[in-house]
Amino acid sequence: MILNRIERWAINHPLRGMWQKRVETPKLLRLGGRCDGALALEIGGGQGLGAELIRSAFGAREVVSLDLDFAMTRRAQDRTENLDHCSVVQADCTALPMPSDRFDALFDFGVLHHVPQWQQAVAELSRVARPGARLYTMEMYRSFICHPLWRRLLEHPQTNRFSHDEFMNCWREHGWQPTGDNTLTSGMGWSTYRLRS
């Protein structure tokens, strides 16, 4: 789903970048460790900051950053044009244009709550992951997304949403073993996983 005007502004605001650098990344590193030398896939790459962090903080060798929104992929391409071993792709995470068993690490910095059929995205991400791959997620949950205030400001699917436990269970069903998880209220959480070999 394409972000509305308010959410696109928020995603591209410097405060979002600061939060991603100073809160999300350190928390995911504590929960799941680095992925040195990995070929990594980021969904919902937005402005390209995630790709930079995946290379610098997480230690990935190469990053493919994917976004459904063409305007965001253009922005990410501009930001990452001098970043070695980084490519930006415009595509849908529920129908990934990549071969199976390709990636060593997957990153979801708050994207799947935008996807109406998020379970299909989980299946696709699981398909393109190699056995033993790592998964890093930060997500917004039903209690936040369906809250009357946020429903007025932000455009999110309101049906088929998930809680922290439901989200983790869906990944487990696809062979992922949790390596760490943490929540900030019932509306937001972080979790990391390893795909069974």
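This report looks at the packing of helix 3 and at some of the salt bridges in a predicted model.

**Helix 3**

Let's start with helix 3, which covers residues 49-56. Its buried residues are Leu49, Gly50, Ala51, Leu53 and Ile54. What do they pack against? The partners include two strands, strand 1 (39-43) and strand 2 (62-67), along with helix 2 (14-32) and helix 4 (70-80). Strand 3 (86-90) and strand 4 (103-109) are on the list as well.

Glutamate 52, by contrast, counts as partly exposed, at 24% relative accessibility, because buried means under 20%.

**Salt bridges**

Side chains of opposite charge can pair when their charged atoms come close. The model has 6 salt bridges, and the table shows some of them.

| Acidic residue | Basic residue | N to O distance |
|---|---|---|
| Aspartate 36 | Arginine 34 | 2.5 Å |
| Glutamate 52 | Arginine 79 | 3.0 Å |
| Glutamate 166 | Arginine 142 | 2.6 Å |

Take the bridge between glutamate 52 and arginine 79. This pair links distant parts of the chain, with glutamate 52 in helix 3 and arginine 79 in helix 4, 27 residues apart. Arginine 79 is partly exposed, with a relative accessible area of 35%.

Next up is glutamate 166 with arginine 142. Here too the pair links distant parts of the chain: glutamate 166 sits in helix 8 (residues 164-173) and arginine 142 in helix 6 (residues 142-145), 24 residues apart. Both are partly exposed, glutamate 166 at 38% and arginine 142 at 33%.

That leaves aspartate 36 and arginine 34. Is aspartate 36 buried or exposed? Aspartate 36 is exposed, at 52% relative accessible area, while arginine 34 is partly exposed at 38%.

Technical notes. Residues numbered from 1 in each chain as written. Predicted model: local features only at pLDDT ≥ 70, side-chain atom pairs only at ≥ 80, totals over all residues. Heavy atoms only, no water. Buried < 20%, exposed > 50% of the residue type's maximum accessible area, 1.4 Å probe, protein only. Helix = DSSP H or I, 4+ residues; strand = E, 2+ residues; numbered from the N terminus. Contact = heavy atoms within 4.5 Å. Salt bridge = Lys/Arg side-chain N within 4 Å of Asp/Glu carboxyl O.
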